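Please take a moment with the sequence and the model that follow, and keep them at hand while reading this briefing. The notes after them are grouped by topic.

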Amino acid sequence: MKLTQDGEVLAENKVLILYILNKLENPITNDGLLRLVLSVMDMNYFYFQQFLLDLLENQYIARFDIDGKHTYSITEKGQEALELTLDMLPGIMKLKVDTSFQSELTSTAEEESIVAEFTPRSENDYTVTCKINENNTCIFEVSVFAGSREEAKKIVDNWKENAYRIYPEILNSLNK
């Protein structure tokens, strides 16, 4: 797809983004939105970013920063534009969004709810922060010390893989 191609195809891609955002109850991160779009159609990452920028400039979508990540939601003006242009979106594309949407959205929400990152303070001193977010609100956060980059990475990977098990154990220990 070329960005200079048929204006109708470009508009269709923007309508698709609005259609997906309109189905969401909560704001979604840039990566999450891209995954949802890619589950429906093949789109170049750079074109996707340009479409988001165009939608932002026209105030059809709003961007918020939550936990240092850009999140997007549709605005009232965007909903009005969607109502006027929804006919541009092929029925098969709407059907794809409507049928594959829930499983992809669940997967995206799960990935975004478990967060872990490490920050170097010196060569042998890292702070690892592990979080659980629910409905764009941090419900659990813990920061720990790591003595090496390898140890910090191991903690991050372990949290991302096992947070569902570790979190209840920590809560049980705190409630004793």
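In strand S6, the residue that serves as bridge partner of Cys-130 is Val-142. The model is a predicted one, and this pairing is a convenient place to enter it, since Cys-130 also has a place in the account of cysteines given below because it is buried, at a relative accessible area of 4%. From there the briefing turns to the sheet, the charged side chains and one loop residue.

**The sheet and the helix across it**

- An open sheet is built from 3 strands, which follow one another in the order S4-S5-S6 with antiparallel pairing.
- Its edges are formed by strand S4 (114-122) and strand S6 (137-146), each of which pairs on one side only, and the twist from one strand to the next averages 20°.
- Strand S5, made up of residues 125-134, is joined to S6 by 9 bridges, and the two strands run antiparallel.
- Helix H6, which covers residues 149-175, lies across S4, S5 and S6, and runs at about 145° to S4.

**Cysteines**

- A disulfide is, in general, a covalent bond between the sulfur atoms of two cysteines.
- In this model the count of disulfides comes to 0.
- Cys-130 is buried, with a relative accessible area of 4%, whereas Cys-138 counts as partly exposed, with 32% relative accessibility.

**Salt bridges**

- Side chains of opposite charge can pair when their charged atoms come close, and in this model the count of salt bridges comes to 4, three of which are described in the points that follow.
- Asp-54 forms a salt bridge with Lys-14, and the closest N and O atoms of the pair are 3.1 Å apart.
- Because Asp-54 lies in helix H3 and Lys-14 in helix H1, this pair ties together parts that are 40 residues apart in sequence.
- Within that pair, Asp-54 counts as buried at 19% relative accessibility, since the cut-off for buried is under 20%, while Lys-14 is partly exposed, with a relative accessible area of 24%.
- Asp-125 and Arg-121 also meet through their side chains in a salt bridge, at 3.4 Å from N to O; here Asp-125 is buried, with a relative accessible area of 15%, and Arg-121 counts as exposed, at 60% relative accessibility.
- Asp-157 forms a salt bridge with Lys-153, where the closest N and O atoms are 3.3 Å apart.
- Asp-157 and Lys-153 are separated by about one helical turn, because they stand 4 residues apart in helix H6.
- Both partners are partly exposed, Asp-157 with a relative accessible area of 36% and Lys-153 with one of 43%.

**A buried acidic residue without a partner**

- Glu-12 lies in helix H1, which spans residues 7-23.
- Although Glu-12 is buried, it has no salt bridge, and the nearest side chain of opposite charge, that of Lys-96, is 10 Å away.
- When neighbours within four places in sequence are left aside, the residues in contact with Glu-12 are Met-88, Leu-89, Pro-90 and Met-93.

**A loop residue with positive phi**

- Most residues other than glycine have a negative phi.
- Gln-59, a residue other than glycine, has a positive phi, with a value near 60°.
- Gln-59 is found in the loop between helix H3 (45-57) and strand S2 (61-66).

Conventions:
Residues are numbered from 1 along each chain as its sequence is written. This is a predicted model: local features need pLDDT of at least 70, side-chain atom pairs count only at pLDDT 80 or more; totals for chains, interfaces and linings use all residues. Side-chain values use heavy atoms; hydrogens and water are left out. Buried means under 20% relative accessible area, exposed over 50%, partly exposed in between (1.4 Å probe, protein chains only). Lys and Arg count as positive and Asp and Glu as negative; His and the chain ends are not counted. Contact means heavy atoms within 4.5 Å. A disulfide is a pair of cysteine sulfur atoms within 2.5 Å. Two strands pair if DSSP finds at least two bridges between them. Axes are lines fitted to C-alpha atoms, for helices over the stretch in contact, and angles run from 0 to 180 degrees between N-to-C directions.
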